[in-house]
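Dear colleague,

I am passing on the structure below, together with some notes on what was found in it. Please look it over before reading on.

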Amino acid sequence: MATIKYLGHSCFTIATGGKNLIIDPFLTGNPLAGAKAADIKADYILVTHGHGDHFGDTIEIAKNNNATVIGPNEIAVFCQSKGVSAHNMHIGGGWDFPFGRVKLTIAHHGYSAGGELDMGGSPCGFILTIEGKKIYHAGDTGLFMDMQIIGEEGIDLAMLPIGDNFTMGIDDAARAVEFIKPKKVVPMHYNTFDLIKVDPEEFKSKVKGAECIIMAVGDTIEL
Ligand code: NI
Ligand code: MN
């Protein structure tokens, strides 16, 4: 059984078969973060794009743990330039890692991040196949029709942004659930900042055909 823990914003950890994964480790600077970067134990760090609220503490966590970063090529190249081990991938491609399979999906979003993080590339989402279960982390994205194709893979758990302004808002995220048809859906990327303040209960009330789980920071799901 895999244990998925929510650390706030779009950051989740997944513990599976003795391996520890963390997705979009934005902890330092997140007033709602569920952990300190220094305390994270990770073998792999999955990064959807270079924005600070996703790339976050990737370099520190990677160096502390000798972890491998997994993400779009441009993210991986940037990490390698910082002396961090990384596995270069890109959209549409998948790879079998010791913990399971990672496939990169499209995500309709920007990528220029400013400063040193302005590494270019295309943002992505992830489809993870872990212990026979499929997890879709959408990253930052607007609604797109191809979510139906993602849904055809048979998604057990989807993490979808609902915060509006930079990503899908509640209504589009509820439509995304109808496209993806996951068994379970968890909202993310909301309430961290004033610009993405929304009520997750409103999202839950609009979700059809899936179990909506509003995870408080620190909550876990067994999958
Ligand atoms: Ni972003
Ligand atoms: Mn974001």
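Is Asp140 buried or exposed? With a relative accessible area of 2%, Asp140 is buried, where buried means under 20% relative accessible area and exposed over 50%, with partly exposed in between (1.4 Å probe, protein chains only).

This is a predicted model, in which local features need pLDDT of at least 70 and side-chain atom pairs count only at pLDDT 80 or more, while totals for chains, interfaces and linings use all residues. Residues are numbered from 1 along each chain as its sequence is written, chains are lettered from A and ligands numbered from 1 in the order in which they are written, and side-chain values use heavy atoms, leaving out hydrogens and water.

The nickel ion (ligand 1) has as protein donors His49 (NE2), His51 (ND1), His109 (NE2) and Asp140 (OD), lying 2.2 Å from it; donors are N, O and S atoms within 2.8 Å of the metal (3.2 Å for Na, K and Ca), and since water is not among the atoms, sites may look incomplete. Along the chain, these nickel donors follow the spacing H-x1-H-x57-H-x30-D. His49, at 2% relative accessibility, also counts as buried.

For the manganese ion (ligand 2), the protein donors are Asp53 (OD), His54 (NE2), Asp140 (OD) and His189 (NE2), lying 2.2 Å from the ion, and their spacing in sequence is D-H-x85-D-x48-H. Asp140 bridges the manganese ion (ligand 2) and the nickel ion (ligand 1), which lie 3.2 Å apart. Of the manganese donors, Asp140 and His189 are both buried.

Best regards
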